[in-house]
Every structure is written in structure tokens, then in C-alpha cells.
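Could you walk me through this model in the viewer, one selection at a time? I would like to know what to pick next and what I will find there.

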Amino acid sequence: MINKLLFLVLPILLIVSCNTNPPTSPDVTPTGNVVLTLKVDNTTIVSAASKVVIVEDFANVSCNPCVISNKILEGLTEVTYGRSKLVAVKFPTNFPAPNDLFYLAAKEICDARISYYNVFFAPTTVIDGILKPISTDSNSVKTAVDSRLSITPRFNINIEDNLEGDYSVNVDIKFIDTSSISMNDLVIHTVLTETDIEFEQAPGSNGETKFYDVTRLMLPSKDGTRFVN
């Protein structure tokens, strides 16, 4: 996907069934170290890999339509496609309500992605950084996902993680097709999400108490890693 002259690769790292508590203030952050090892090899062309579609979704705990869009994405990622084909990344917004606790806990990251895609309202859904279906229309979202699944991937991305003391993440990227790609325009963003978060009481006005695939960290920062050929 080419957008604003940057070619983005977005490996998604999932923390499954974490025992962390939901953020109760912007000052509450996970403890321990997260160590990222990133390896990019453009010297060896590998065979085609299975296509994985990335959904970046922008929502807010006080956004009423977001209840519908969140259920749509949950159904698509968990049932219709499965996480081997469809991966969701939720970037909380500061609108319609500015006190979304997930947004406050990752403000810098969320602001960067909101600005990148010029997001003005929630919910907004972005498929593979290119398509923007109607977030509350399941057919619209599914059609967009299907269209991207039919595309041959340009990269082979393997991710391994290990939680022994520090949380270490190894990302290995190889190329399938380098045609029309300017290596100096590549920026790699690695996102840590928390898969399943539940509150006893809704943190916002839309009544939701369960949240999925919420962004926690971007590694090494919101600016990503620029690949230099």
C-alpha cells in the first residue's frame, strides 16, 4: 500500500488472553521490557505466502455506531475468516468523547494513525491501508476484505514471540515481489495489541464492556522503522 509516499508493512503482534488490567488512567502502563528484533531481507525472493488482510479500526467507547462496527469485526476475525486471514488493530479516538481511556493510554500512537489516515469520525475502518468500507455495514466490510484477499501478497512476514522475563518479539520479513517497490520508501510499523479486555462496568457511554485487539504499543515507536536499502 502506498500512501503519502511511504510503503507501510504492518506486522501485527497479538497478546492472547493477557492478565493485564484495563487502563484506568493515562499513567497506567504495562511493566517489563518489550524487545523487538527486526530482520528485513530483500536479497532472496521467496515463494508466495498466504494473504493476510489487516483492518485498522478507529473507534471510541462513547461512540454508539462503534458497537455495531466492533461486533462486525469480531465476527469477521473470529468466525468468518479467522485470524490466519484477517487481523484487526483498534486505534481508539478522542472523539466523540475526549476521555476514552484506551486513547489516553496510547495517545501519541493513536494521534499518529488518526493523522495518517485523516480520520474525522468514529467508526472509521481502513482495509490494508487502502479501502475504507462503511464500518457499520457488514457486507461493505466483507466485500473489501474479500477484494484484498484476492491480491497476491508482496511480503512474507514471520513473527515469533517469547515471554520469559522480558517479552521478546522477532519479526522476519522477506520479499515475494519487489517490482515497483522503492526500498528507501519502506517503513515498518510493528504493533502490539491486546486481544481481550473486559470491564465490570462500561468505561464509556455506549455500554460496551468487552474490547478486542486494542493497540497498546508501537515498536520501536509511532514512527516505525525505515528500511534503508
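How many of the residues of strand β5 (residues 53-59) are buried? Keep in mind on this tour that the model is predicted. Select β5, and you have a strand that is mostly covered, with 7 of its 7 residues buried.

**Stop 1: the two faces of β5**

Show the side chains of the strand. Val53, Val55, Asp57 and Ala59 lie on one side, while Ile54, Glu56 and Phe58 lie on the other. Both faces are covered, and every one of these residues is buried. As a reminder for reading such a view, side chains in a regular strand alternate between the two faces of the sheet.

**Stop 2: the neighbours of β5**

Now add strand β6 (residues 86-92) to the selection. β5 and β6 run parallel and are joined by 7 bridges. To find one place where they meet, pick Ala59: its bridge partner in β6 is Pro92.

Next, bring in strand β7 (residues 124-127). The pairing between β5 and β7 is antiparallel and has 4 bridges. Here you can pick Glu56, whose bridge partner in β7 is Val126.

With β5 and β6 still displayed, add helix α1 (residues 64-80). Together, β5, α1 and β6 form a β-α-β unit, and that unit is right-handed.

**Stop 3: from α1 to α4**

Keep α1 and select helix α4 (residues 138-149). Two packed helices are described by the angle between their axes and the distance between the axes. For α1 and α4, the angle is about 45 degrees and the axes are 10 Å apart. That angle makes α1 oblique to α4. The crossing of α1 past α4 is right-handed.

**Stop 4: the nonpolar cores**

Which residues touch the most other members of the largest nonpolar core? Select Phe58, Phe91, Tyr117 and Val119, as these four do so within a core of 19 residues. At least two residues of this core come from each of β5, β6 and α3 (107-116). The greatest contribution is from α3, which gives 4 residues.

A second core, separate from this one, has 13 residues. Among them are Tyr167, Ile173, Met183 and Leu192.

**Stop 5: the sheet of β4, β9 and β8**

Turn now to an open sheet of 3 strands, ordered β4-β9-β8, in which the pairing is mixed. Its edge strands are β4 (34-45) and β8 (155-164), each of which pairs on one side only. On average, neighbouring strands in this sheet are turned by 15 degrees against each other, direction ignored.

Select β4 together with strand β9 (residues 166-175), and you can follow a parallel pairing over 9 bridges. Thr37 is a good landmark to click on, as it stands opposite Asn170 in β9.

Stay in β4 for one more residue, Val35. Is Val35 buried or partly exposed? Its relative accessible area is 38%, so Val35 counts as partly exposed. Try a distance label from Val35 to Tyr167: the C-alpha atoms are 6.2 Å apart, although the two residues are 132 residues apart in sequence.

**Stop 6: backbone details in the loops**

Where are the cis peptide bonds? One joins Phe95 and Pro96, with omega at about 10 degrees. You will find Pro96 in the loop between β6 and α2 (101-105). Another joins Leu219 and Pro220, where omega is about -5 degrees. Pro220 sits in the loop between β12 (210-219) and β13 (225-226).

Then look at two residues with a positive phi. Asn118 is not a glycine, yet its phi is about 55 degrees. Asn118 belongs to the loop between α3 and β7, and counts as partly exposed because its relative accessibility is 44%.

The last selection is Ser180, which is not a glycine either and has a positive phi of about 65 degrees. Look for Ser180 in the loop between β9 and β10 (186-188). With a relative accessibility of 66%, above the 50% cut-off, Ser180 counts as exposed.

Conventions: Residues are numbered from 1 along each chain as its sequence is written. This is a predicted model: local features need pLDDT of at least 70, side-chain atom pairs count only at pLDDT 80 or more; totals for chains, interfaces and linings use all residues. Side-chain values use heavy atoms; hydrogens and water are left out. Buried means under 20% relative accessible area, exposed over 50%, partly exposed in between (1.4 Å probe, protein chains only). Two strands pair if DSSP finds at least two bridges between them. A crossover is right-handed if, with the strands pointing away from the viewer, the path from the first strand over the helix to the second runs clockwise. Axes are lines fitted to C-alpha atoms, for helices over the stretch in contact, and angles run from 0 to 180 degrees between N-to-C directions. A nonpolar core is a set of buried Ala, Val, Leu, Ile, Met, Phe, Trp, Tyr and Cys residues joined through side-chain atoms within 4.5 Å. Angles under 35 degrees count as roughly parallel, over 145 as roughly antiparallel, 65 to 115 as roughly perpendicular and the rest as oblique. A crossing is left-handed if the near helix is turned anticlockwise from the far one by less than a right angle, and right-handed if clockwise.
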